[in-house]
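Q: I would like to go through this model with you, beginning with its pockets. Could we look at it together?

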Amino acid sequence: MSVDQASFRSAMARFPGAVTVITALSGPEAGAERRGITATAVCSVSADPPSLLVCVNRATGTRAAIHETGRFNVNLLAKPDGLLAMQFAGQGGVTGEEKFAWGDWSCDARGLPRLASALLCFSCDVSEATEAGSHTVFIGRITDIAQGEGEPLLYERSGFQCLAPI
């Protein structure tokens, strides 16, 4: 017995996820172009060594950049960053460098894009990569963590949500 795509997507819409923007650089160092996508498929793998995994659609320039350079950042978005998340999800057909017109961007020590308003930014080196259907699963060894303040932005039931105190 197998599950069809519509049933899978409907079920996953109920599965809340932290909203992140995964960023990378493509091309030669001097003329590198920033790449980024919105993702909720991010989770911790291990504390020893500190690592996390991201699932990136193989059809994206972000996946190509990560595959090429072996580096990426994961920016955990804050509550007010819903519009930025939609921009990086490709709303309105925006691609590549155009996505970075939204938000206050700087660089980590390696030159990768880091969002100033992010609650966390994990800088990662790829330690493993596995193809899984339409996506590549990258396991990244965390090389640096930058922390900010605020409440995390979540995605559930096809919309943005925020945590409520219990």
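Q: Which element supplies the largest share of the lining of the second largest pocket?
A: In this predicted model, that share comes from β4, with 3 residues.

Q: Which elements each supply at least two residues there?
A: β4, β6 (71-76) and β9 (120-132) each do so. Among the residues lining the second largest pocket are Thr40, Val42, Cys43, Ser44, Leu52, Val74 and Phe122.

Q: How do the residues of that lining divide into nonpolar, polar and charged?
A: The lining of the second largest pocket has 9 nonpolar residues, 3 polar and no charged.

Q: And how much space lies in it?
A: The second largest pocket holds about 200 Å³.

Q: What about the largest pocket: how much space is there?
A: About 1200 Å³ of space lies in the largest pocket. Elements giving two or more residues to its lining are α1 (5-13), β3 (33-39), β4 (42-47), β5 (50-57), α3 (82-88) and β11 (153-156).

Q: Which element gives the largest share of that lining?
A: α1 does, with 5 residues.

Q: Which residues lie nearest the centre of the largest pocket?
A: Phe8, Met12, Thr40, Ala41 and His135 lie nearest the centre, out of 32 lining residues. By class, the lining of the largest pocket comprises 19 nonpolar, 9 polar and 4 charged residues.

Q: Changing topic: which residues of the largest nonpolar core touch the most other members?
A: They are Ile22, Leu52, Val54, Val56, Ile66, Phe72 and Val74, in a core of 15 residues. Two or more core residues come from each of β2 (20-26), β3, β5, α2 (61-69), β6, β9 and β10 (135-147). β5 gives the most, with 3 residues.

Q: Leu52 came up with the pocket as well. What does Leu52 touch, not counting residues up to four places away in sequence?
A: With those neighbours left out, Leu52 touches Cys43, Ser44, Val45, Phe72, Val74, Phe122, Cys124, Phe138, Ile139, Gly140 and Ile142. A second, separate core has 11 residues, including Val21, Leu84, Phe100 and Leu153.

Q: On to charges. How many salt bridges does the count come to?
A: The count comes to 10 salt bridges. One of them joins the side chains of Glu131 and Arg63, at 3.2 Å from N to O.

Q: Why does the pair of Glu131 and Arg63 tie together parts that are apart in sequence?
A: Glu131 lies in strand β9 and Arg63 in helix α2, so the pair ties together parts 68 residues apart in sequence.

Q: Is Arg63 buried or exposed?
A: Arg63 counts as buried, at 15% relative accessibility. Glu131 is partly exposed, with a relative accessible area of 41%.

Q: Where do Asp125 and Arg110 lie?
A: Asp125 is in strand β9, and Arg110 is in the loop between β7 (105-107) and β8 (113-115), 15 residues apart. Their side chains meet in a salt bridge of 2.3 Å, N to O. Arg110 counts as partly exposed, at 22% relative accessibility.

Q: What about Arg114 and Asp144?
A: Their side chains also meet in a salt bridge, at 2.9 Å from N to O. Arg114 lies in strand β8 and Asp144 in strand β10, so this pair ties together parts that are 30 residues apart in sequence. Arg114 counts as buried at 16% relative accessibility, whereas Asp144 is partly exposed at 36%.

Q: Which residues do salt bridges that share partners join into one network?
A: That network consists of Arg71, Asp108, Arg110, Asp125 and Arg141.

Key. Residues are numbered from 1 along each chain as its sequence is written. This is a predicted model: local features need pLDDT of at least 70, side-chain atom pairs count only at pLDDT 80 or more; totals for chains, interfaces and linings use all residues. Side-chain values use heavy atoms; hydrogens and water are left out. On a 1 Å grid over the protein atoms alone, a cavity is a set of points where a 1.4 Å probe fits but cannot get out, and a pocket is an open set with protein on both sides within 12 Å along at least five of seven lines; lining residues have an atom within 4 Å of a point. Grid points are joined across faces, edges and corners, and a volume is the space filled by probe spheres set on the points. Helices (H or I, at least four residues) and strands (E, at least two) are DSSP runs, numbered from the N terminus. Ala, Val, Leu, Ile, Met, Phe, Trp, Tyr, Cys and Pro count as nonpolar, Asp, Glu, Lys and Arg as charged, and the others, Gly among them, as polar. A nonpolar core is a set of buried Ala, Val, Leu, Ile, Met, Phe, Trp, Tyr and Cys residues joined through side-chain atoms within 4.5 Å. Buried means under 20% relative accessible area, exposed over 50%, partly exposed in between (1.4 Å probe, protein chains only). Contact means heavy atoms within 4.5 Å. A salt bridge is a side-chain nitrogen of Lys or Arg within 4 Å of a carboxyl oxygen of Asp or Glu.
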